[in-house]
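Here is a walk through one chain, from its overall build down to a few individual residues. Have the viewer open as you read.

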Amino acid sequence: MKLIPIQTPKGTFKVWTKRFGNNPRIKLLLLHGGPGSTHEYFESLEGYLPAEGIEFIYYDQLGSAYSDQPKDRDLWTTERFVEEVEQVRRALGLDRSNFYLLGHSWGGILAAEYALKYGANLKGLIISNMMMSIPDYNRYAAEVLAKQMDPAVVKEVKELEAKGQYENPRYMELLIPNFYNQHLCRLPEWPDAFKRSSAHSNNDIYVLMQGPSEFGASGRLEKWDRKADLPKLAMPTLVIGGTYDTMDPAHMKWVAGRVQRGSFLLCPKGSHMSMWDDQKTYCEGLIRFLNETDAGRKTVRFGKS
């Protein structure tokens, strides 16, 4: 475990990291979602990666769980988070010979932004369960996922949102069974690691950047779109999506075709938390990508994907 000092325009803070294993050629840094979530939901990887000798590193971003939690709203920008990741990379001694970056959900945005600025440092990139356009994500939520729900439920959700009643218990009473259980995590009992991560999330950062729920984005990220820049990504890149994801799997497959050396892994039983509800597909696909990239392959083909 290592606490890493991070220089910011608002002073120096510390972020928490924890390393598992020691592999000189494959070091996987994990970027959690949220923003404001925690490393804990990545515990699903512990049943797979250590046995393969893959080194991986948990990391709570500034503001999250075991890291410092300053209150200054000016800190919560994508650009500052990118510089934070670069400082973490340097402190951990990661470089182009060994550095793989996996970003899930918001972490996928952060990973893509990092790769666009600091791609020369990367051996491989994994964008997990994230579209490369928030406007496209919002359209998918409204035009596809919402239409799969009971119209009466959608109407009541929209009415609560229009009134700003996101803290009303009824809001989550509607979203959890009708949306979260279908598209966020499909296991009948949510894993303890996921529940812990949710309980420890920094809601102030989440609402500021994402908005109050996964049912579309309305915060600082609302207009984020990097589709036009995807061809600039030259490192081997794995895009992972789930059939039942909050994110459009067709879009994520398209992303894999837009980067220079893209591979796409579809988790057929998976939702946004595919590392849990399609754990075997997710973890075995990730391991295969890491090993084949390490062996010099530029792309990896997975089944019919």
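What follows covers the whole chain, then the sheet, then the helices around it.

## The chain as a whole

First things first: this is a predicted model. The protein chain comes with 10 helices and eight strands. Its C-alpha trace spans about 55 × 50 × 35 Å along the principal axes.

How does the radius of gyration sit with a compact globule? For 305 residues one would look for a value near 19 Å, and the protein chain has 18 Å, which agrees. Of those 305 residues, 58% count as buried. Take the contacts between residues at least 6 apart in sequence, and 75% of them join residues at least 24 apart.

## The sheet

Eight strands line up in an open sheet with the order 1-2-4-3-5-6-7-8, and the pairing is mixed. Strand 1 (2-8) and strand 8 are the edge strands, each pairing on one side only. On average, neighbouring strands in this sheet are turned by 25° against each other, ignoring direction.

Now for two of the pairings. Strand 5 (residues 99-104) and strand 6 (residues 124-128) are parallel, with five bridges between them; to find the register, look for Leu 102, which stands opposite Ile 126 in strand 6. Further along, strand 7 (residues 237-242) runs parallel to strand 8 (residues 262-267), joined by six bridges. There, Thr 237 stands opposite Gly 262.

## Helices on the sheet

Helix 1 (residues 78-92) packs on the sheet and touches strands 1, 2, 3, 4 and 5. Its direction makes about 135° with that of strand 1.

Helix 10 (residues 279-294) also packs on the sheet, where it touches strands 3, 5, 6, 7 and 8. The angle between the directions of helix 10 and strand 8 is about 165°. Then there's helix 8 (residues 249-258), which makes a right-handed β-α-β unit with strand 7 and strand 8.

## A closer look at helix 3

Which residues of helix 3 (residues 134-145) are buried? They are Ile 134, Asp 136, Tyr 137, Asn 138, Tyr 140, Ala 141 and Leu 145. These buried residues pack against helix 2 (106-118), helix 5 (169-183) and helix 8, so helix 8 turns up both here and in the β-α-β unit. As a general point, an α-helix has 3.6 residues a turn, so residues three or four places apart point the same way.

The start of helix 3 is worth zooming in on. A side-chain oxygen of Ser 133 reaches to within 3.1 Å of the backbone nitrogen of Asp 136, and Asp 136 is itself one of the buried residues of the helix.

Notes. Residues are numbered from 1 along each chain as its sequence is written. This is a predicted model: local features need pLDDT of at least 70, side-chain atom pairs count only at pLDDT 80 or more; totals for chains, interfaces and linings use all residues. Side-chain values use heavy atoms; hydrogens and water are left out. Two strands pair if DSSP finds at least two bridges between them. Helices (H or I, at least four residues) and strands (E, at least two) are DSSP runs, numbered from the N terminus. A crossover is right-handed if, with the strands pointing away from the viewer, the path from the first strand over the helix to the second runs clockwise. Buried means under 20% relative accessible area, exposed over 50%, partly exposed in between (1.4 Å probe, protein chains only). Contact means heavy atoms within 4.5 Å. A polar contact is a pair of N or O atoms within 3.5 Å; within protein, one must be able to donate a hydrogen and the other to accept it, and residues adjacent in sequence count only if both atoms are side-chain atoms. Axes are lines fitted to C-alpha atoms, for helices over the stretch in contact, and angles run from 0 to 180 degrees between N-to-C directions. The radius of gyration is taken over C-alpha atoms; the globule rule is 2.2 Å times the number of residues to the power 0.38.
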